[in-house]
There are 4 protein chains.
Amino acid sequence: MSRIGVYRITKEGDLALLMGQRKKYHLIPLIQDAEFQTHRGIIYHNDLIGKQWGSKIESHKGNPFYLLQPGIQEIIHSTKRNTQIMYAKDIGYLLLKMNIINGASVIEAGTGSGSLTQVIAAMIGKEGHLYSYDSREEMQNLARKNLSRIGMDGRVTFIRKDIEEGFDQTNVHSLFLDLPNPYDYISQVNEALIPGGFFGCILPTTNQIVKLLTALRRYEFVNVEVTEIMLRHYQAEERKLRPVDRMVAHTGYLIFSRSIQS
Amino acid sequence: MSRIGVYRITKEGDLALLMGQRKKYHLIPLIQDAEFQTHRGIIYHNDLIGKQWGSKIESHKGNPFYLLQPGIQEIIHSTKRNTQIMYAKDIGYLLLKMNIINGASVIEAGTGSGSLTQVIAAMIGKEGHLYSYDSREEMQNLARKNLSRIGMDGRVTFIRKDIEEGFDQTNVHSLFLDLPNPYDYISQVNEALIPGGFFGCILPTTNQIVKLLTALRRYEFVNVEVTEIMLRHYQAEERKLRPVDRMVAHTGYLIFSRSIQS
Amino acid sequence: MSRIGVYRITKEGDLALLMGQRKKYHLIPLIQDAEFQTHRGIIYHNDLIGKQWGSKIESHKGNPFYLLQPGIQEIIHSTKRNTQIMYAKDIGYLLLKMNIINGASVIEAGTGSGSLTQVIAAMIGKEGHLYSYDSREEMQNLARKNLSRIGMDGRVTFIRKDIEEGFDQTNVHSLFLDLPNPYDYISQVNEALIPGGFFGCILPTTNQIVKLLTALRRYEFVNVEVTEIMLRHYQAEERKLRPVDRMVAHTGYLIFSRSIQS
Amino acid sequence: MSRIGVYRITKEGDLALLMGQRKKYHLIPLIQDAEFQTHRGIIYHNDLIGKQWGSKIESHKGNPFYLLQPGIQEIIHSTKRNTQIMYAKDIGYLLLKMNIINGASVIEAGTGSGSLTQVIAAMIGKEGHLYSYDSREEMQNLARKNLSRIGMDGRVTFIRKDIEEGFDQTNVHSLFLDLPNPYDYISQVNEALIPGGFFGCILPTTNQIVKLLTALRRYEFVNVEVTEIMLRHYQAEERKLRPVDRMVAHTGYLIFSRSIQS
């Protein structure tokens, strides 16, 4: 069962977001008798279990914390990772562009640390399914653990395989590649996608885009879109409203396209 | 039943995307014996029904079109509207920030033309529910029609009511306001949201943000984020890769916050 | 003599900026007995000559206009052109990056419509000099006319020549190329620049940048910078402060580098 | 005499830019018998004096450095400062918008560390003049020293005065305020500017812009522009062309306006 659904009272096993001052937060699973050390005092898990979400609690030093349910964005943001993870600004847009909605059948490769995996699983629901490919065992183990933490294991099949050899599925609705050389796999993508299916990928350099555009043209993909998304945070002060000083200038270019009947 | 699921063969009643040259597309429902006029020739619906998605078809003048299933982004983009609609870049991000995932219980106000309504319905699935408020009857009729077009009626309850009087639900997980004066309704928002729930809104001017920040502080909302998202399209030409000349500079600022246990 | 210097009273031959409502402006040379037709009424030049700058005047229909001296930005913005002209955001930055200051010795190619020509002339003063190359006669005639309009002819030498054959000057301080294929002329650039001189160019596509980087590396240029500048205008309304809806997404990438002693 | 003009051979007193690997640079005045310590070895000034600009030289450890003349952008970037300084992207644009060209008569307040001071001085030449106001003595001393370093002292008059009491000049062409509360001085600005003169300022928050717009309206300033400029650097690698990871998201909003005949 999904562990990030809607309910009022915390229970053991829930993921909890502890919010201290200045937006610093900790994401922890609630475990009977456990303790959580912060530099602003110890928090006893037993004080958190059975509480209402949204409560104000205190560390043993009397410092205040808010007990909140984490949302999917905070979950992926604090996902244990050994790779670069994708940003919410990019993931949110690709969900819409690639029609990754409740019930969708989706492939992603590579799995990486599983941050995109978690969001796709959360969106497609039990009616949908995600096939997640990676050739590196340690990646898939980490992603599996991250997914399990939010209780959505059943919606994802992890497949350890080099996609050079092709995908095991056909007729999938959407296929996303987070790899440095997606242009080498367009033939395999074409086999796996339902005709008219949604293809997407993310690439850091313009040189890679050029190669990908060539490969997409060769396989007659249509409706190619190349996009970048920039996100700017503002200082949320009513008397000093202004953008924060620094921002992420680049995560990657997003490329989308549709396969056709060959 | 959702009409934007995954299958190979078109049938009457489906929404179809007809893609001509240069990314120009038409979104039409397939109707036995109907004809569709384009400036590049007539297309007979009977030639489309029973075809494979992804097929190349021709107008009576012999001009080529691709027959594709529309994705949720193309559906909202071609939604009939009598108001400004939200953009995919903003909707995608708010889904993640507000945890609008499969199974979520959500309120939105106002309904508007129902573009956000459709995306939320597509994401929450049958396990979730959306309550959509608007005081204008013609708006809700339009949104209901737009939602019906994608077969997701059952997931949304339209409520015609001035939210000044409060929302009928309590304990909803996420609540989004697309109104010029959200700062006037924070008390009502607080009543409707589950403690710890996700609040969001979109505002075009900095003056409105200032007022909203004041209201959120008064009701002790926490974890306030003010963000803007800029999207830039690139010319998808492998030998002339560059941003397109002009872009949308501003749709609105996104503001997110969490309610707490009062 | 420069015609955009500082003084109080207009005289025949001056360039004048007529500002009507909503920031619409007209830039005209003042000519005895002439008339200027606007859709808000006729303006008689004799009513403008001998007036104080900054005066409010009226058309024959009684519509108000402000009589202002044009600044260099407004002058280039209303320059007669038969090519794409450079934007103030890009020109301003390159002045600083390429050290184009009072007294500098500069080459530009091509001349184009002469908008950059005018700004450089305005900055380097009488102590500096600009050599402006173009192989197209009609371009140079237009640029010469535009420059003459602001009274800065003496500071610029126009040279009609294909730069493939090299530049006639050596030891110039700064050299700017506004051409589609600057990578073909780096050897010539190297000959013309003083060792350590400032090189710059503007290019619309990423493919061109890649070629230029290769050429710069071959000729051992150092301190290469690739930059883009985005400018966003805001609606200047105190109660509705917000970015305007649309903006220029791309003018070109700016590339700067320094030559060395070979 | 300006110390950043065009010539081939270095001499004592010159400012020199020492460029090591990876764009790291040092800006030093050349002094007979001095030594310069870098973490890549000692450089003897006597090895630099009398050399050609653009030469490759070596530290005592054999590490290579390029000997370049600094441009105005590098000079202000390495200006000794005790305040936030303005960025080249903003300064370049304001030069054009405010018509700060060779021969212009300009006021700025406050002086700050004198980075804008130096650029204005470099542009207006000996025919122009800049009046720089600040009430803090230590600021003006620092700015004077920074200006003297580039040999442009004669073009600037430093005035230590609270501008609340008004400016000593009238009929200046352009007036720039770099202060937190420019809206308090619009009356004084109006007195100092020639009718039709160019006013500009930079402000970090939207709240300040709102106050300024109100003040400008009260004093009937026309042609108000509110703008922000974003600059994005790219990694200058021909095989990995992409924006760098992080960027400055905000320096300030630029506001420009014209005074009129009152």
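Two residues are taken to be in contact if their C-beta atoms, placed from the backbone, lie within 7 Å. This is a predicted model, in which local features need pLDDT of at least 70 and side-chain atom pairs count only at pLDDT 80 or more, while totals for chains, interfaces and linings use all residues. Residues are numbered from 1 along each chain as its sequence is written, and chains are lettered from A, with ligands numbered from 1, in the order in which they are written.

**Within chain A**

Chain A consists of domain 1 (15-70) and domain 2 (74-258), with bounds that come from an automatic or database domain assignment. Taken over C-alpha atoms, the centres of domain 1 and domain 2 of chain A are 32 Å apart. Six residues of domain 1 of chain A are in contact with five residues of domain 2 of chain A. On the side of domain 1 of chain A that touches domain 2 of chain A, at least two residues each come from strand 1 (15-19) and strand 2 (25-29) of chain A, and strand 2 of chain A gives the most, with three residues. Strands (E, at least two residues) and helices (H or I, at least four) are DSSP runs, numbered from the N terminus.

**Chain A and chain D**

The contact between these chains takes 17 residues from chain A and 17 residues from chain D. Helix 6 (206-218), strand 13 (242-243) and strand 14 (246-248) of chain A are the elements that give two or more residues to the side of chain A that touches chain D, and strand 14 of chain A gives the most, with three residues. Strand 14 of chain A pairs with strand 14 (residues 246-248) of chain D in the antiparallel sense over three bridges, where pairing requires that DSSP finds at least two bridges between two strands. A:Arg246 has D:Val248 as its bridge partner in strand 14 of chain D.

The table gives the classes on two sides, where Ala, Val, Leu, Ile, Met, Phe, Trp, Tyr, Cys and Pro count as nonpolar, Asp, Glu, Lys and Arg as charged, and the others, Gly among them, as polar.

| Side | Nonpolar | Polar | Charged |
|---|---|---|---|
| Domain 1 of chain A that touches domain 2 of chain A | six residues | no residues | no residues |
| Chain A that touches chain D | seven residues | four residues | six residues |

**Chain A and chain B**

A turn of 180° and a shift of 0.0 Å along the axis lay chain A on chain B with an RMSD of 0.0 Å, the copies being superposed by least squares on the C-alpha atoms of residues with pLDDT of at least 70 in both. The two copies are therefore related as by a two-fold rotation axis. In chain A, the C-alpha of A:Gly92 is the nearest to the axis, 1.8 Å from it.
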